[in-house]
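Dear colleague,

I am handing over the structure we spoke about, and you will find the sequence and the model just below. After that I set out what was found, going through the helices before turning to the contact between the chains.

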There are 2 protein chains.
Amino acid sequence: MRKDTAISGDTTLHSRILADIEGQIVSGEWPPGHRLPFEVDLAAQYGCSRMTVNKVMGQLVRSGLIERRKKSGSFVAQPKAQSAVLEIHDIKDEVQSLKLTYGYALISRTTRRSDAEDMRRLGLAKATDVLDITCLHSAGPDPFCLEKRLINLAMVQQAAGFDFIEIAPGPWLLAEVPWTSAQHSIQAISAEKEEARLLRLPPHQACLVIERQTWGQDGPVTNVRLTYPGSRHVVTAQFKPGG
Amino acid sequence: MRKDTAISGDTTLHSRILADIEGQIVSGEWPPGHRLPFEVDLAAQYGCSRMTVNKVMGQLVRSGLIERRKKSGSFVAQPKAQSAVLEIHDIKDEVQSLKLTYGYALISRTTRRSDAEDMRRLGLAKATDVLDITCLHSAGPDPFCLEKRLINLAMVQQAAGFDFIEIAPGPWLLAEVPWTSAQHSIQAISAEKEEARLLRLPPHQACLVIERQTWGQDGPVTNVRLTYPGSRHVVTAQFKPGG
DNA sequence: TAGTGGTCTAGACCACGCT
DNA sequence: GCGTGGTCTAGACCACTAA
């Protein structure tokens, strides 16, 4: 068959088929549990090969819109847990996107043998040397975020020789150390005295705390706890099926 | 060439190639900016067709590990904004996974013409009728989460005839209304008097507030604000490249 | 056991963007 | 120009599983 890659429309065949099927589902015309046409039939309907349809179906599965069972067919999925994509930006970018001048100040930097709390935060099995950094990110004249970070020196030897006076540990680590996975937790706390002082807040003010634990290929790399003052900071996440 | 789908290993060819390349990247052997072999060369190296390699490359692009430029080739991406997947579970499941008995109580349910605040929360362009629901989810004997929800009756007519006494609006909407996208925001607040009373908290206690705005195909469906007491609730998110 | 999805091939043409 | 990725085909075999 002659290939006319210039699709009869504007985008690729994939996108057109994908959009069609997504449309059927989100409009409710194909409710949860409805069985979609078989790959062979869709291929015939769109006049394309089965593999093209298969690719689309793969995307639909990944986005959670459909479920597929061999021998039975493909079905519109029951919507269940929503999963949203949380974008975690660099703090500097975050501040600058608010049209404020970004400031960074190192508050403390100490090296020690990891204690029980350090090992818990990093998820260490046995004690190693850790670097403990506290620093403050500011937006214009105001404190923006307090960062308390632990770096596992067993994984990041070169951090021992870096002062972190000019460059924040976040971007430095990102450029320096390959990492494989991360886990985030978000909670609300009342600011403790020391935090409140550094963030120039009244004591017991509600703060948003984002804690991120990062692993490299060979073990824990770093744990960072970012404390954002009051309700000034908002974390957002988007969900869109088939993204 | 004879097809031996029984892969020389344990999984599919895809997975093997994907794992190999991911390994090169996360181990740091291929640092950011490094150019990967061309598709043709990888295909030759693995003794497979170019399309198989192409599929893998597509996954690597989607997971943000590489960037591809025509004529230049494929390059290991500079790690930038981290994006994590936030799983937003049903509150009932959340409570039950803590081995606590789930309880639900409707506190108020009123219908009105949307005021300015309603329109802001729902993102309405012009006024419609809205259903305003306040309810409480509990875990064992304790309040777990306060839910304040608006439902756009122009989009969800059938909600007007439902009492929400036995069934919480969240699961009801999930089953009843197809939706296309959602946006979440998370922030820390100090509990106001009314919230503190319902959640049985001392006033001004720090609370985590998750607000979710949901759109259907034809417009705003619902806005829900979930207030979790104190630092008892933690939202978690996972990141794993190439997931 | 037969139907369905899962995977793969060995080609092909096209568009884009370096050089 | 020409090399690279982007897309697509018309087959094929296999594994799984529901009937």
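**Helix packing and the chain contact**

Helices H2(A) and H3(A) cross in the right-handed sense. Please keep in mind throughout that this is a predicted model. The axis of H2(A), which covers residues 39–46, and that of H3(A) come within 8 Å and cross at roughly 115 degrees, and the two helices are therefore roughly perpendicular to each other, given that 65 to 115 degrees counts as such. On the side of H2(A) the contact is made by Glu39(A), Val40(A), Leu42(A) and Ala43(A), which meet Arg50(A), Val53(A), Asn54(A) and Met57(A) of H3(A). Sorted by class, the residues of this contact are 5 nonpolar, 1 polar and 2 charged.

H3(A), residues 50–62, also packs with H1(A), residues 13–26, and here the axes come within 9 Å and cross at roughly 50 degrees, which makes H1(A) oblique to H3(A). This crossing, too, is right-handed. The residues of H1(A) that take part are Leu13(A), His14(A), Ile17(A), Leu18(A) and Ile21(A), while H3(A) contributes Thr52(A), Val53(A), Lys55(A), Val56(A), Gln59(A) and Leu60(A). The contact of H1(A) with H3(A) holds 7 nonpolar, 3 polar and 1 charged residues. Val53(A) is thus listed in the contact with H1(A) and again in the contact with H2(A).

In chain B, helix H1 (residues 13–26) and helix H3 (residues 50–62) pack at an angle of about 50 degrees with their axes 9 Å apart, and they are therefore oblique to each other. The crossing of H1(B) and H3(B) is right-handed. Here Leu13(B), His14(B), Ile17(B), Leu18(B) and Ile21(B) of H1(B) meet Thr52(B), Val53(B), Lys55(B), Val56(B), Gln59(B) and Leu60(B) of H3(B), and by class these residues are 7 nonpolar, 3 polar and 1 charged.

As for the two chains together, chain A is superposed on chain B by a rotation of 180 degrees with 0.0 Å of shift along its axis, at an RMSD of 0.1 Å. The two copies are thus related as by a two-fold rotation axis. Both copies use the same surface, in that 100% of the contact residues of chain A recur in chain B.

Which strands of chain A supply at least two residues each to the side that touches chain B? With 42 residues of chain A in contact with 42 residues of chain B, those strands are E3 (82–88), E7 (181–190), E8 (206–216) and E10 (235–239). E7(A) gives the most to this side of chain A, with 10 residues. The residues of that side comprise 21 nonpolar, 18 polar and 3 charged.

Strand pairing also joins the two chains. E7(A) pairs with E10(B), residues 235–239, in the antiparallel sense over 5 bridges, and within this pairing Gln183(A) has Gln238(B) as its bridge partner. E10(A) in turn is joined by 5 bridges to E7(B), residues 181–190, and these strands run antiparallel, with Ser185(B) as the bridge partner of Thr236(A). E7(B) also pairs within chain B, where 10 bridges link E7(B) and E8(B), residues 206–216, in the antiparallel sense, and Ile186(B) stands opposite Ile210(B) of E8(B).

With best regards

How values were computed. Residues are numbered from 1 along each chain as its sequence is written. Chains are lettered from A and ligands numbered from 1 in the order in which they are written. This is a predicted model: local features need pLDDT of at least 70, side-chain atom pairs count only at pLDDT 80 or more; totals for chains, interfaces and linings use all residues. Copies are superposed by least squares on the C-alpha atoms of residues with pLDDT of at least 70 in both. Two residues are in contact if their C-beta atoms, placed from the backbone, lie within 7 Å. Axes are lines fitted to C-alpha atoms, for helices over the stretch in contact, and angles run from 0 to 180 degrees between N-to-C directions. Helices (H or I, at least four residues) and strands (E, at least two) are DSSP runs, numbered from the N terminus. Angles under 35 degrees count as roughly parallel, over 145 as roughly antiparallel, 65 to 115 as roughly perpendicular and the rest as oblique. A crossing is left-handed if the near helix is turned anticlockwise from the far one by less than a right angle, and right-handed if clockwise. Ala, Val, Leu, Ile, Met, Phe, Trp, Tyr, Cys and Pro count as nonpolar, Asp, Glu, Lys and Arg as charged, and the others, Gly among them, as polar. Two strands pair if DSSP finds at least two bridges between them.
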